[in-house]
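Colleague: Please give me a close look at one part of this structure, and take it slowly, since I am still learning how to read a model. I would like to follow the reasoning from one step to the next.

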Amino acid sequence: MEITMSKATGYSLWLVPERGTETYEFLDKLIRNVATQYRTPVFDPHVTLLSGVEGNEQDMREKTRLLAEKLAPYELRLGEVGSNGTYFQILFSRIEQTPAAMNVNAVAQKVFAVDKGKYFPHISLAYGDLSNEQVVALQQFVAKGNKITRMHFLAQGVELWRTERAVEEWRRVAIFPFGKS
C-alpha cells in the first residue's frame, strides 16, 4: 500500500498526553506498530483541538498563547475505537464529549475567528487509505482487552503544529501551558 500525501493545510492545535506517561507511551507504541504493519504515517499521539487554521506563524503563536491563557487543565477520557473511513480518521478512539472538552473547542474557534462546525473530539490511532477489512481487523486488535477505553490524560497545554504537506513533514512550532489553574 502506497502512503498517500496529507491533504492538511495550515496550522493545527493539539492536546497531547504528557510525554513519558503510560498513556502517551501506550498510544505512541500503538501508532508505530500500526504504521509498521500497514505502512501508514507515524505521528505523535494527540487530540486535534482545531485544524486547518491559516495565517502567519507569528499570528498563530500569539493566538495560541492567548487561547492557552484562557484555559484550565481538564481530563480527556478515551472511548470506543472507530473509523469514519477518511484518511485522517481511518482509526481513532473517541474522546468523551464532556462540557469541558466541547467548551475548549468553542473557545478556540472564537480566539481564531473560525467556524469549523460541530467538534468531534478523538485521538487518531492511524492515518491512511485502508480497506474496510483492514479497518475492521485493526478495530478488533485495538479493542482487544479494552485497555484503550479505560485510558485518560490531563490536558495541561496546547501545542501549535505546522501541518502542511505530508504527515512526515509536520513540525511542532510551540507548546503553551494552560494559564488557569
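Modeller: Arg39, which comes just after helix H1, takes a positive phi of about 55 degrees, and this value, like everything that follows, belongs to a predicted model. From Arg39 we can step back into the helix itself, where H1 covers residues 22-38 and has 17 residues, which at 1.5 Å a residue should span 24 Å; its end C-alpha atoms are 24 Å apart, so the two values agree.

Next, consider which residues of H1 are hidden: the buried ones are Thr23, Tyr24, Leu27, Asp28, Leu30, Ile31, Val34, Ala35 and Tyr38. If you look down the axis of H1, these buried residues fall within an arc of 160 degrees, and therefore they line one face of the helix. On the other side of H1 you will find Glu22, Lys29, Thr36 and Gln37, which are exposed. As for what the buried residues of H1 pack against, their partners are strand S3 (74-82), strand S5 (122-126), helix H4 (132-143) and strand S6 (152-155).

Helix H2 can be read in the same way. H2 runs over residues 57-70, and its 14 residues reach 20 Å from the first C-alpha to the last, close to the 20 Å expected at 1.5 Å a residue. Its buried residues are Met60, Thr64, Leu67 and Ala68, and because they fall within an arc of 95 degrees when seen down the axis, they line one face of H2. They pack against strand S1 (11-15), strand S2 (47-53), helix H3 (99-111), strand S7 (157-162) and strand S8 (171-177). At the start of H2, a side-chain oxygen of Asn56 comes to within 3.1 Å of the backbone nitrogen of Gln58.

Strand S7, one of the partners of H2, leads us to a single residue, for Glu159 is found in that strand. Glu159 counts as buried because its relative accessibility is 4%, where the limit for that word is under 20%. The side chain of Glu159 is joined to that of Arg19 by a polar contact of 2.6 Å, and a polar contact of 2.9 Å links the side chains of Glu159 and Trp161. Leaving aside residues up to four places away in sequence, Glu159 touches Ser12, Leu13, Trp14, Val16, Arg19, Arg172, Ala174 and Ile175, so that Arg19 appears here both as a residue that Glu159 touches and as a side-chain polar partner.

Methods:
Residues numbered from 1 in each chain as written. Predicted model: local features only at pLDDT ≥ 70, side-chain atom pairs only at ≥ 80, totals over all residues. Heavy atoms only, no water. Helix = DSSP H or I, 4+ residues; strand = E, 2+ residues; numbered from the N terminus. Expected span 1.5 Å × (residues − 1). Buried < 20%, exposed > 50% of the residue type's maximum accessible area, 1.4 Å probe, protein only. Arc of directions from axis to C-beta. Contact = heavy atoms within 4.5 Å. Polar contact = N/O pair within 3.5 Å; in protein donor to acceptor, adjacent residues only side chain to side chain.
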